[in-house]
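Biologist: Could you take one part of this model and walk me through it closely? I'd like the packing, with the cut-offs spelled out.

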Amino acid sequence: MALAPTALPRAEATWQTGTELPGVQVVPTNLSFRELENRRVTDAIIVHHIGNTNADVSAATVHQWHLANGWAGIGYHYVIRKDGTIEQGRPLSAVGAHCYGQNWHTVGINIVGDFEVAQPNEAQMQSAARLIAGLCAFYGFAPTHRTVFGHRDFNATACPGENLYHRLGELIDSSAAVFGTVGPRTADGDNSFAPTDMPASKGRAPQRTDQAGKTAGQAGRPLHQHLGK
Ligand SMILES: [Zn+2]
């Protein structure tokens, strides 16, 4: 797949200004971060919830929480509010702080709520499907069970909550349906969404190895661990 020779590296093109994702409207938040690192590989998306509270928390609020942790700022790249609004968190091109051991190659999405006790609403599910599809189109991989995960697939946490985790397959299916309308175009040679990091990302799908995490997640209400910066 030929890459457009004039395309800037993603990081340079998107660092300050937010990123245009096909079919997705993202509300800019203009948050100020401490030092950030560029993410050089992107081959998966990890879904989170807030946990501990089912309140309609904003990206700005999470930003303050994570700054207080001593991190660079909000660890998620996107926050999906209760009304389905998608807010920008950490710049898309930056390494997130949302899933220990997986931040280097993943995008983190937080769907606001406590889905151990509450349900994600339809506005949130629809926005999440569009966002995941847009990210997949942008980075050049399809939404599947090998590319879209819940936090508990990797770490010992209940996140993204039982009620959302049980709907992850449905969310992937919805994303795939949207992805079919916005995904990489190949027929006309317009590969404007072709990823720049595709060669590096091939064959590196993460493994679901965290059985211990699932057990811990079912055992109670463990802290929502991010262990990033
Ligand atoms: Zn999480």
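Modeller: Helix 3 and helix 5 sit oblique to each other, because an angle counts as oblique when it is not under 35 degrees (roughly parallel), over 145 (roughly antiparallel) or 65 to 115 (roughly perpendicular). Their axes come within 8 Å and cross at roughly 50 degrees, with axes being lines fitted to C-alpha atoms over the stretch in contact and angles running from 0 to 180 degrees between N-to-C directions. Helices here are DSSP runs of H or I, at least four residues, and strands are E runs of at least two, numbered from the N terminus. The crossing is right-handed, meaning the near helix is turned clockwise from the far one by less than a right angle. Among the residues making the contact are Ala 129, Ile 132 and Ala 133 of helix 3 and Ser 175, Val 178 and Phe 179 of helix 5; contact means C-beta atoms, placed from the backbone, within 7 Å.

Quick caveat: this is a predicted model, so local features need pLDDT of at least 70 and side-chain atom pairs 80 or more, while totals for chains, interfaces and linings use all residues. Residues are numbered from 1 along each chain as its sequence is written.

Ile 132 is worth a second look: leaving out residues up to four places away in sequence, Ile 132 touches Ile 45, Pro 143, Val 148 and Ser 175. In the largest nonpolar core, with 43 residues, Ile 132 joins Ile 45, Ile 109 and Leu 135 in touching the most other members. Such a core is a set of buried Ala, Val, Leu, Ile, Met, Phe, Trp, Tyr and Cys joined through C-beta atoms within 7 Å, buried meaning 20 or more other C-beta atoms within 10 Å of a residue's own. Helix 3 gives the most to this core, with 10 residues.

Key:
Buried ≥ 20, exposed ≤ 12 C-beta atoms within 10 Å, placed from the backbone. Contact = placed C-beta atoms within 7 Å.
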